[in-house]
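Reader: Could you walk me through the strands and the ring contacts in this one? I'd like the reasoning along with the values.

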Amino acid sequence: MLKLTRRRQDYAWGYLMVAPTVIGVLILNIYPLLKSCYLSFTQSTGFGHAHFIGLANYVRMMHDPDVWQALVNTLIYTAVSVVIGVFLSLVVAVLLNQHIRGRGIYRTIYFLPVVSAPAAVAMVWRWLYNADAGLFNSLLQSVGLPAVHWLTDPHTALFAIIIVGIWSMVGYNMVLLLAGLQEIPRSYYEAAEIDGAGPVRQFFSITLPMISPTLFFVVVTSIIGGLQVFDFIFMMIEPMNTAMEYTQSLVYLFYKQSFMMGDRSYGAAIVMLLLVITLVITAVQMKLQKKWVHYND
Amino acid sequence: MKRAGRIWRWLLLALLVMTGIICLGGCGQDRSMTEDGRVRLSYAIWDKNQQPAMQAIVDEFEAENPDIKVDIQIIPWNQYWTKLEAGAMSKTMPDVFWMHPQSFVRYASNDILLDLTGQLGDDYDAANYPQGLSDFYTYDGHQYAVPKDYDTVALWYNKKLFDAKGIPYPDETWDWAKLVEVAQQLTDADNGIYGFLAPPDQQALYYDFVYQNGGEILNADKTRSGYREPATQEAIQFAVDLSQKYHVSPTVQQFADMSREQYFQSGRAAMAFFGSWMLADFKKNDYLRENCDIAPLPRGRKRATIYSGLGNAASAQTKHPAEARRFLAFLGSRKAMELQAQAVIPAYKGTEQEWLAANDMFHASVYTDGLDYAVIFPNSATREKWMLVETEILSKAWSGAMTVPQACEKLADRIDDYLATERE
């Protein structure tokens with residue numbers, strides 16, 4: 001029989017408890033990650049056969065205008081949707097933290113997009129954007145403006161997608177920020193009021209610093225989410241759409257190469273690029289957080 | 001001491017239970033046999049509309065072959081190829097499955113498919129199927145699939161819109177010039193009605209034009225793209241002109257908001273090309289049944305329609321190759337073909353009558369007659385790759401972002417690159 005110290009025994013229990021999650025992460029995240037990394041250095045010939053070709057996929061990527069355009073599209077999508085999306089989430093969260101009539105209803109309305117299926121959401125938005133019969137163009141025409149080909153004009157298509165992205169992210173971020181706002185003790189505001197601080201001053205001197213850890217989390221996850229945008233592009237932009245080149249994201253390009261064109265290796269190289277970009281951006285944010293995030297302890 | 005032992009016992013127990021569960025699912029049972037000792041074959045298809053016909057075939061086959069049980073698996077089209085490929089990699093492929101022209105060469109060239117050459121029994125005769133289709137499912141001299149059905153393309157027209165202007169319906173005398181002329185007469189921009197529908201669609205639009213004009217998409221030995229040939233570029237130019245120059249069709253931008261089917265079904269277009277595979281849906285539509293009919297494609301320099309068709313194939317990994325071949329031979333038999341004739345044009349010569357009868361609300365015989373001048377679907381091992389590039393680049397010609405010669409030259413380079421990888 002094995003003899004265990006009390007301490008080791010505790011460890012054993014600990015490992016047993018976390019085992020399901022750890023095994024899950026290993027099988028579902030870490031293994032595919034390593035496998036993708038390996039794949040990106042190979043040339044797949046289909047059906048799991050592949051031979052090692054070194055950096056050739058990466059060299060090809062450097063010379064592929066589609067990849068560069070997709071990178072630009074992804075960065076624009078992320079920058080615009082995070083800046084506007086997080087700002088709106090904060091505004092909505094602060095407003096819905098006040099004692100206003102019908103607060104519960106508003107919170108529900110803002111959260112609804114989060115629980116709606118992306119496929120259904122995309123279909124509804126496609127109708128709204130429809131150049132012939134969509135709501136937006138009907139409104140434009142009723143005030144005498146020309147119709148816009150929202151989803152097929154290369155100048156507007158990406159922004160049309162960004163609007164849907166923002167609309168669907170505000171609710172989730174709002175809930176996180178609301179939770180953060182409710183952690184702020186009322187007494188701070190009471191003290192500030194006695195000192196004569198108005199609502200604006202209160203917001204910048206109390207609310208913003210106090211909520212900065214939550215805000216930091218929201219920004220980091222929103223950026224990662226933005227870099228991984230795929231579903232709305234997939235659902236709203238079809239292969240023959242002329243705006244495809246100016247809307248496809250890196251993940252979409254990965255999907256197209258890997259699953260529509262069957263080149264798993266090149267697809268893997270594209271996600272590796274995305275992984276590196278995500279890591280760099282997140283690392284920079286972790287460094288920068290010291291400048292603006294205030295932790296209580 | 002006692003407590004410590006208990007933990008390890010727990011861990012061990014958990015491990016045993018887990019392996020036990022895995023074993024129950026995997027190694028405990030032989031999924032390839034039924035409990036009463038019959039051979040079990042799985043048969044994967046993607047079209048739910050055809051399930052009743054396939055089940056009828058399976059029932060008939062099981063009645064004739066009491067030692068075999070066939071389970072039909074429906075895998076929707078957008079998951080079908082991912083699952084099939086994953087199955088091929090993990091050796092869990094269905095035993096028998098539908099094969100599509102677009103993917104056939106890649107599967108055949110990777111030794112994924114069961115070789116059927118000369119092993120389908122005495123009743124099997126390639127002469128029973130259209131020549132092009134039998135050749136199509138042959139790779140390197142070996143047969144890897146049995147033709148299942150075939151499809152051609154025809155011109156649909158809206159009788160109501162023709163009647164309103166007193167224009168005679170399209171017939172076999174029509175050529176491109178006549179198509180444009182009548183389409184112009186029928187286009188009514190104020191009311192959003194178009195004479196013709198010309199989206200950048202391959203099989204049901206520009207491939208047909210290309211072959212009607214004497215051009216080609218690929219050369220005969222599949223080493224070069226045909227997009228550099230003047231005849232091909234001329235045909236593409238004609239297809240683009242329909243929306244850009246003659247304005248008888250919605251633009252490619254408009255097609256992103258509303259599909260060709262939607263335009264036609266809502267009575268907003270007088271004419272369009274549709275493949276015979278659309279009939280199953282179209283005949284359920286009251287408006288189309290009442291107001292629309294079918295005519296042959298207009299001729300260019302010559303008459304042509306693209307044709308292709310599905311095949312039935314088996315996995316090279318199947319545990320029961322003999323039974324799988326027996327099932328495939330049955331799927332290719334006259335009896336099985338008649339059973340599916342309600343749903344598709346069966347590939348077995350002389351069994352089209354059922355299909356024509358089932359679609360007698362239209363002149364469906366245009367589709368079967370089309371076989372006389374049909375050109376087989378252009379195909380190669382990297383087709384899945386270049387067809388997407390083709391759509392993307394030609395869409396730019398359709399939108400006017402590139403001229404047709406520019407787009408065709410660029411496309412030719414890209415396709416040639418892919419074709420070159422096939423020979424590596």
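Reader: In which sense do S8(B) and strand S10 of chain B pair, and over how many bridges?
Author: Keep in mind that this is a predicted model. S10 covers residues 269–275 of chain B, and B:Val153 of S8(B) stands opposite B:Gly275 there. The two strands pair in the antiparallel sense, and the bridge count is five.

Reader: Which residue in S11(B) stands opposite B:Trp156?
Author: S8(B) is also joined to strand S11, residues 292–295 of chain B, by four bridges, and these two run antiparallel. Opposite B:Trp156 in S11(B) you'll find B:Ile294.

Reader: How many of the six residues of strand S8 of chain B are buried?
Author: In a regular strand, side chains alternate between the two faces of the sheet. On one side of S8(B) sit B:Val153, B:Leu155 and B:Tyr157, on the other B:Ala154, B:Trp156 and B:Asn158, and both faces are covered. So the strand is largely enclosed by the rest of the structure, and the buried count is six of the six.

Reader: Is B:Gly118 buried or exposed?
Author: B:Gly118 is found in the loop between helices H4 and H5 of chain B. Its C-alpha atom is 8.2 Å from that of B:Gln143, 25 residues apart along the chain. The cut-off for exposed is over 50% relative accessible area. B:Gly118 has 81% relative accessibility, so it counts as exposed.

Reader: On to rings: what kind of aromatic pair do B:Tyr43 and B:Phe327 form?
Author: First, another pair for context: over all chains there are 53 aromatic pairs. One of them is A:Phe136 with A:Trp150, edge-to-face at 5.9 Å centre to centre and 65° between the planes. A:Phe136 is in helix H6 of chain A and A:Trp150 in the loop between H6 and H7, 14 residues apart. As for B:Tyr43 and B:Phe327, with 5.2 Å between centres and 90° between planes, that pair is edge-to-face.

Reader: How many residues apart are B:Tyr43 and B:Phe327?
Author: Both residues are buried. B:Tyr43 belongs to strand S1 of chain B and B:Phe327 to helix H14 of chain B, so to speak of distant parts of the chain is fair: the separation is 284 residues.

Reader: Which residue lies over the face of B:Trp98?
Author: B:Trp98 belongs to a cluster linked by ring pairs, whose members include A:Phe47, B:Trp46 and B:Tyr107. At 4.6 Å from the ring centre of B:Trp98, the residue over its face is B:Lys148.

Definitions and conventions. Residues numbered from 1 in each chain as written. Chains lettered and ligands numbered in written order. Predicted model: local features only at pLDDT ≥ 70, side-chain atom pairs only at ≥ 80, totals over all residues. Heavy atoms only, no water. Buried < 20%, exposed > 50% of the residue type's maximum accessible area, 1.4 Å probe, protein only. Pairing = 2+ DSSP bridges. Phe/Tyr/Trp six-rings, centres within 6.5 Å; stacked < 30°, edge-to-face > 60°. Lys NZ or Arg CZ within 6 Å of the ring centre and 35° of its normal.
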